[in-house]
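Biologist: I would like to learn how to read the features of a model such as this one. Please show it, and then start with pockets.

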Amino acid sequence: MPREMTEVGFEPRDMFAQPKAFGVVNATPSPADGVRADDWRYRAAVVQHRFSRAVNDGLKLRGRHRREFLAQYADVRSLSVGRMGRVLRGEQVATMADLAFWAEHFPEVVERLREYFDWWVQDQKRLADLERERRRS
């Protein structure tokens, strides 16, 4: 069961059965024990996992290291190497500003999130259809 400890009440990586898979594996990690797949915290962790994976892949494809890449933004506190490391490892919740920053540099960030959101919308529609069908029977 996830710990309750951050400003939003959870660490994203704690939502996964394998916390160290956060931002590393291509697949969507399974929920941790006691966490449902439709829990908003788990879904937020999946979004951040995909975001982290896209950023890490973008850096790797361009032959850059996070520290080197962020050096030009040293005067922006929210883009510190330490904070971004925690965000990309899922130890700290990402912000919309983080998403906007990295998506500006790596458009694949938006593509990876769009794929997940498209699935999410389709899943919600499928569940609503099943519920309507159940009520009719």
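Modeller: A pocket is an open set of grid points with protein on both sides within 12 Å along at least five of seven lines. This is a predicted model, and its largest pocket has a volume of about 240 Å³.

Biologist: Which residues are closest to the centre of the largest pocket?

Modeller: The lining has 14 residues, and those closest to the centre are Ala44, Val47, Ala94, Thr95 and Met96. Helix 1 provides the largest share of this lining, 5 residues. At least two residues each come from helix 1, helix 4 (96–105) and helix 5 (108–136).

Biologist: How do the residues of that lining divide into nonpolar, polar and charged?

Modeller: In the lining of the largest pocket, 12 are nonpolar and 2 are polar, with no charged residues.

Biologist: What is the volume of the second largest pocket, and which residues line that pocket?

Modeller: The second largest pocket has a volume of about 160 Å³. Its lining consists of Gly23, Val24, Arg53, Asn56, Asp57, Leu59, Lys60, Arg64, His65 and Arg66. By class, this lining holds 5 charged, 3 polar and 2 nonpolar residues. Helix 1 again gives the most, with 5 residues.

Biologist: Helix 1 appears in both linings. How does the span of helix 1 stand against the expected one?

Modeller: The expected span of a helix is 1.5 Å times one less than its number of residues. Helix 1 covers residues 40–61, which is 22 residues, and reaches 31 Å from its first C-alpha to its last, close to the expected 32 Å.

Biologist: What is found at the two ends of helix 1?

Modeller: At the N-terminal end, Asp39 acts as a cap, with a side-chain oxygen 2.7 Å from the backbone nitrogen of Arg41. After the helix comes Gly63, which has a positive phi, near 65 degrees.

Biologist: Is helix 1 mostly covered or mostly open?

Modeller: A residue is called buried when its relative accessible area is under 20%. In helix 1, 17 of the 22 residues are buried, so the helix is mostly covered.

Biologist: What does an exposed residue look like by comparison?

Modeller: The cut-off for exposed is over 50%. Lys20, in the segment before helix 1, has a relative accessible area of 72% and is therefore exposed. Its C-alpha lies 27 Å from that of Asp123, and the two residues are 103 apart in sequence.

Biologist: How many aromatic pairs are there?

Modeller: Two rings pair if their centres lie within 6.5 Å, and planes under 30 degrees apart count as stacked. The count here comes to 12 aromatic pairs. One of them joins Phe16 and Phe22, at 5.6 Å centre to centre with 25 degrees between the planes, and is stacked. Phe16 has a relative accessible area of 1% and is therefore buried; Phe22, at 3%, is buried too.

Biologist: Why is the pair of Trp102 and Phe106 stacked?

Modeller: The ring centres of Trp102 and Phe106 are 5.8 Å apart and the planes are at 20 degrees, so this pair counts as stacked. Trp102 is buried at 0% relative accessibility, and Phe106 is buried with a relative accessible area of 1%.

Biologist: Which cluster do ring pairs form around Trp102 and Phe106?

Modeller: Ring pairs link Trp102 and Phe106 with Phe69, Tyr73 and Phe101 into a cluster.

How values were computed. Residues are numbered from 1 along each chain as its sequence is written. This is a predicted model: local features need pLDDT of at least 70, side-chain atom pairs count only at pLDDT 80 or more; totals for chains, interfaces and linings use all residues. Side-chain values use heavy atoms; hydrogens and water are left out. Helices (H or I, at least four residues) and strands (E, at least two) are DSSP runs, numbered from the N terminus. Buried means under 20% relative accessible area, exposed over 50%, partly exposed in between (1.4 Å probe, protein chains only). A polar contact is a pair of N or O atoms within 3.5 Å; within protein, one must be able to donate a hydrogen and the other to accept it, and residues adjacent in sequence count only if both atoms are side-chain atoms. Rings of Phe, Tyr and Trp (its six-membered ring) pair if their centres lie within 6.5 Å; planes under 30 degrees apart count as stacked, over 60 as edge-to-face and the rest as tilted. On a 1 Å grid over the protein atoms alone, a cavity is a set of points where a 1.4 Å probe fits but cannot get out, and a pocket is an open set with protein on both sides within 12 Å along at least five of seven lines; lining residues have an atom within 4 Å of a point. Grid points are joined across faces, edges and corners, and a volume is the space filled by probe spheres set on the points. Ala, Val, Leu, Ile, Met, Phe, Trp, Tyr, Cys and Pro count as nonpolar, Asp, Glu, Lys and Arg as charged, and the others, Gly among them, as polar.
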